[in-house]
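Dear colleague,

Please find below the structure that I am handing over to you. My findings follow it, beginning with a question to consider as you open the file.

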Amino acid sequence: MADPAAHGGRRSGAIAAPVLLTGAVTTVFGLMFGFSTAVIAGVLDDVAAVYGLDTGATEAVVTSLVISCFFGAILASPLSARLGRKPALAIAGVLALAGYAAILAGPTLAVLVAGRIAIGLAVGLSSMVAPMYAAEATPARFRGAVVSLYQLAVTVGILAAYATPLFLSAALVWNQLVGLGVIIGVMGIVVAFAVPESPLWLSRHGRTAEAEAAARFLGVADVARHAAPEEGGAVRLAAVMAGSIPMVLTLAGGMFILQNLSGIDGILYYAPKIFEGLGFEAGTAALTATFVLGAVNVAATVGAILAVDRCGRRPLLLGGSAVMVAGLSAVVFALLTGNALAGFLGLALYIAAFAVSLGPLPYVMMSELFPSRIREPGIAAASATSWLFNAAVAFFFLSAVETFGSVAVFGFFAAVCVLSFLVGLFAVPETRGVPLEDIEARVLAGTPLRHLGE
């Protein structure tokens, strides 16, 4: 990589290249997230048939990746704080590559589960570090869009995961379809070595000259200038309890809980089975409907990226949550009446609304609201919370449908979306275009959540 110091004199007209570079981080690791979590959906019936898995064992195979994402998110804080953002991302790339290579080479149930555990550690680790790096290394006017690019890449990764069994199942067996993820693992390693280290991290570790050079290259000089030096040791309780930090922690974790309990994980992991329950034929028909749903997800997320720094965070959350309620209500209607088309349209509406609201916004907000003194542990705690509830949905979705019925399950998801609307109305601040140092000052001063962006 070229020396960042050599680019210190770039004018605003040349800032596009560094922004694209930081965008590459969110893109690659978002692809890893999306593909890794969704690829099992299209091959789940094959895996269950080959190994004779019942409902509980099938849920366990799905959950093996997700629960390891939880532990990866926990490891993200000490790794990114001690080693830096770049090394942490490189470790994620290596873990993903190793996991996918193992699945590609050894088509057994034990290898599948072991490989998914390694991949889950990579996804959990990068799900915290990549958005955090993007927020620290991107100018304020592009920050929302670049961090939201992570969610777009997640949706593209999901679409690719749905496409592989639909278009390649005639040529490849299940472990080869899953093993295509080795490509993303390689990309993760490459992009981790291509970007400069976070100026904020360098500054906090006393590497002032490197921090200033990286900041000039990236166009985020204010971040390095306002960063406090690293004091070392564990984060003190007094730091966690200062100002509005407890409420920020609560909001960040709560947003991810709402994101997962809104139903997205059950839909992503078990979409073909859901479409079969709505009346679609098993096999190509269900996989095609699932693929179309993934395409809607991608298209809507493009709209979210264009809107997040124009419309703001709160309007997107409020509008998106309301539409999600409408979409899930249509699914409930379809389940009660046997109207497969209404169910498909309801799911498409829900996915589109999720993609502009509860999909990207928790990542954007956690990357903006945590002060530098607790940034790593704060974002790690929010990410770990997300993966914990993600795992709960993955593990209990099929069992809940069998026990309570699809109508009750999707009705619960709709109620969660109502709660999301209320949280957006009364607690979520508008941070569009606000420099990170200004947000941090307000958090430490104890400004109420709703007014952190004012």
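In which helix is the place of Ala140? Ala140 belongs to helix H5, which covers residues 140–168. Before going further, I should state that this is a predicted model.

Ala140 has a relative accessible area of 24% and is therefore partly exposed. When neighbours within four places in sequence are left aside, the contacts of Ala140 are with Gly433 and Pro435. Ala307 lies 167 residues from Ala140 in sequence, and the two C-alpha atoms are 15 Å apart in space.

Overall architecture

The secondary structure of the protein consists of 19 helices and zero strands. Its radius of gyration is 21 Å, close to the 22 Å given by the globule rule for 454 residues, so the protein is as compact as a globular protein of that length. Along the principal axes, the C-alpha atoms fill a box of roughly 60 × 50 × 45 Å. Of the 454 residues, 57% are buried. Among contacts between residues at least 6 apart in sequence, 83% join residues at least 24 apart. The exposed area of the protein is about 16200 Å², and 70% of it is supplied by carbon and sulfur atoms.

Salt bridges

How many salt bridges does a search of the whole structure find? The search finds four, and three of particular interest to this message are described here.

Asp45 and Lys273 form one of them through their side chains, at 3.1 Å from N to O. This pair links distant parts of the chain, with Asp45 in helix H1 (residues 16–51) and Lys273 in helix H12 (residues 245–278), 228 residues apart. Asp45 counts as partly exposed because its relative accessibility is 38%, and Lys273 is also partly exposed, with a relative accessible area of 31%.

A further salt bridge brings together the side chains of Arg207 and Glu210, at 2.9 Å from N to O. Arg207 has 35% relative accessibility and so counts as partly exposed; Glu210, at 41%, counts as partly exposed.

The side chains of Arg313 and Glu368 meet in a salt bridge at 2.5 Å, N to O. Here too the pair links distant parts of the chain: Arg313 is in helix H14 (residues 313–337) and Glu368 is in helix H16 (residues 361–369), 55 residues apart. Are these two partners buried or exposed? Arg313 is buried, because its relative accessible area of 1% is under the 20% limit. Glu368 is likewise buried, with a relative accessible area of 1%.

Helix H7 and the nonpolar patch

Helix H7 (residues 182–194) contains 13 residues. From its first C-alpha to its last, H7 reaches 19 Å, close to the 18 Å expected at 1.5 Å a residue. The buried residues in H7 are Val182, Ile184, Gly185, Gly188, Val191 and Ala192. As background to reading such a list, an α-helix has 3.6 residues a turn, so residues three or four places apart point the same way.

On the surface, Val418, Leu419, Phe421, Leu422, Leu425 and Phe426 make a nonpolar patch of about 530 Å². One of these residues, Leu419, is placed in helix H18 (residues 406–426). Leu419 has a relative accessible area of 45% and is therefore partly exposed.

With kind regards

Key
Residues are numbered from 1 along each chain as its sequence is written. This is a predicted model: local features need pLDDT of at least 70, side-chain atom pairs count only at pLDDT 80 or more; totals for chains, interfaces and linings use all residues. Side-chain values use heavy atoms; hydrogens and water are left out. Helices (H or I, at least four residues) and strands (E, at least two) are DSSP runs, numbered from the N terminus. The expected span of a helix is 1.5 Å times one less than its number of residues. Buried means under 20% relative accessible area, exposed over 50%, partly exposed in between (1.4 Å probe, protein chains only). Contact means heavy atoms within 4.5 Å. Patches are made of residues with over 30% relative accessible area and no salt bridge: like charges are joined within 9 Å, nonpolar side chains (Val, Leu, Ile, Met, Phe, Trp, Tyr) within 5 Å. Accessible areas come from the Shrake-Rupley method with a 1.4 Å probe; for residues, only the protein chains shown count as cover. The radius of gyration is taken over C-alpha atoms; the globule rule is 2.2 Å times the number of residues to the power 0.38.
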